[in-house]
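Trainee: I would like to go through this structure with you before I set up any calculations. Could we take it topic by topic?

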Amino acid sequence: MIEKPRFLMCICTGQCPGFASLNLWELINYVRGELDVEYAIVHPQLCVDDGDRFIHDYIKPGIKYVIGACDPKMQRKMFKDAFANAGGNYDDQVVPLDLRNMSTKDAMNKVKETVDGLKVKSGSKEIS
Ligand code: SF4
């Protein structure tokens, strides 16, 4: 059985102006309640030491993670070693989304499109 993706939101401690127009709780409750994910969680700052420790405890091989955060290139740089150290593979497992400078509605739509896209792919056996 293919497991549903997990949605992981990283929000720059909640203080970054890039997320000023995003209602975090509206977004996270929408994702966990309305979209086809296993669950949705928030980490305040994944790219620092406790974020690495969290990834180390949390990541399981073979699961897809949709990460809402900053620039995908920055995410890759910051998370790929932590995934590898946890026995995962960032490039295979993560769909990084840049949700900065977006309204809550736009962020919801972007996450929905991504999760729906993963569902279509898993239906045609493109992900495992
Ligand atoms: S990973 Fe990106 S969104 Fe998360 S705290 Fe670091 S810079 Fe901010």
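Mentor: Let us fix one term beforehand: two residues are in contact if their C-beta atoms, placed from the backbone, lie within 7 Å. Please also keep in mind that this is a predicted model.

Trainee: Understood. Which residues does Val31 touch, leaving out those up to four places away in sequence?

Mentor: Apart from such sequence neighbours, Val31 touches Phe7, Val37, Ala40 and Val111. Val31 itself has its place in helix H1.

Trainee: Is Val31 buried or exposed?

Mentor: Val31 is buried, because 23 other C-beta atoms lie within 10 Å of its own, and 20 or more are enough for that class.

Trainee: How far is Val31 from Val115, in sequence and in space?

Mentor: The two are 84 residues apart in sequence, while their C-alpha atoms are 9.2 Å apart in space.

Trainee: Let us move to Arg6. Where does Arg6 lie, and what does Arg6 touch?

Mentor: Arg6 is in strand S1. With residues up to four places away in sequence left out, Arg6 touches Val37, Glu38, Tyr39, Ile63 and Tyr65. Val37 is thus a contact of Arg6 and also a contact of Val31.

Trainee: Why does Arg6 count as partly exposed?

Mentor: Arg6 has 19 C-beta neighbours inside 10 Å, so it counts as partly exposed. As for Val111, Arg6 is 105 residues away from it in sequence and 11 Å away in space, C-alpha to C-alpha.

Trainee: Now the helices. How do H2 and H3 pack?

Mentor: Helix H3 comprises residues 72–85, and H2 packs with it at an angle of about 40°, the axes being 8 Å apart. H2 is therefore oblique to H3. The crossing of H2 past H3 is right-handed.

Trainee: Which residues meet there?

Mentor: From H2, Asp52, Ile55 and His56 meet Phe79, Ala82, Phe83 and Asn85 of H3. By class, the residues of this contact are four nonpolar, two polar and one charged.

Trainee: What about Arg53, is it buried or exposed?

Mentor: Arg53 belongs to helix H2, residues 49–58. Arg53 counts as exposed because it has 12 C-beta neighbours inside 10 Å, and 12 or fewer is the condition for that class. In space Arg53 is 8.1 Å from Ala82, C-alpha to C-alpha, with their positions 29 residues apart in sequence.

Trainee: And Ala84, in H3?

Mentor: Ala84 lies in helix H3 and counts as exposed, because it has 12 C-beta neighbours inside 10 Å. Ala84 and Val37 are 47 residues apart in sequence and 23 Å apart in space, C-alpha to C-alpha.

Trainee: A new topic: the ligand. Which residues are around the ligand?

Mentor: The ligand is surrounded by Cys10, Cys12, Gln45, Leu46, Cys47, Ala69, Cys70, Met74 and Met78.

Trainee: How many of the residues in that shell are nonpolar, polar and charged?

Mentor: Eight residues of the shell are nonpolar, one is polar and none is charged.

Trainee: Finally, the backbone. Which phi value does Thr13 have, and where does Thr13 lie?

Mentor: Thr13 has a positive phi of about 65°, although it is not a glycine. Thr13 is in the loop between strand S1 (6–10) and helix H1 (24–34). Thr13 counts as exposed because it has 10 C-beta neighbours inside 10 Å.

Trainee: And what is the phi of Asn101?

Mentor: Asn101, likewise not a glycine, has a positive phi of about 55°. The loop that holds Asn101 runs between strand S4 (94–98) and helix H5 (104–123). Asn101 has 13 C-beta neighbours inside 10 Å and so counts as partly exposed.

Notes. Residues are numbered from 1 along each chain as its sequence is written. This is a predicted model: local features need pLDDT of at least 70, side-chain atom pairs count only at pLDDT 80 or more; totals for chains, interfaces and linings use all residues. A residue is near a molecule or strand if its C-beta atom, placed from the backbone, lies within 6 Å of it. Ala, Val, Leu, Ile, Met, Phe, Trp, Tyr, Cys and Pro count as nonpolar, Asp, Glu, Lys and Arg as charged, and the others, Gly among them, as polar. Helices (H or I, at least four residues) and strands (E, at least two) are DSSP runs, numbered from the N terminus. Axes are lines fitted to C-alpha atoms, for helices over the stretch in contact, and angles run from 0 to 180 degrees between N-to-C directions. Angles under 35 degrees count as roughly parallel, over 145 as roughly antiparallel, 65 to 115 as roughly perpendicular and the rest as oblique. A crossing is left-handed if the near helix is turned anticlockwise from the far one by less than a right angle, and right-handed if clockwise.
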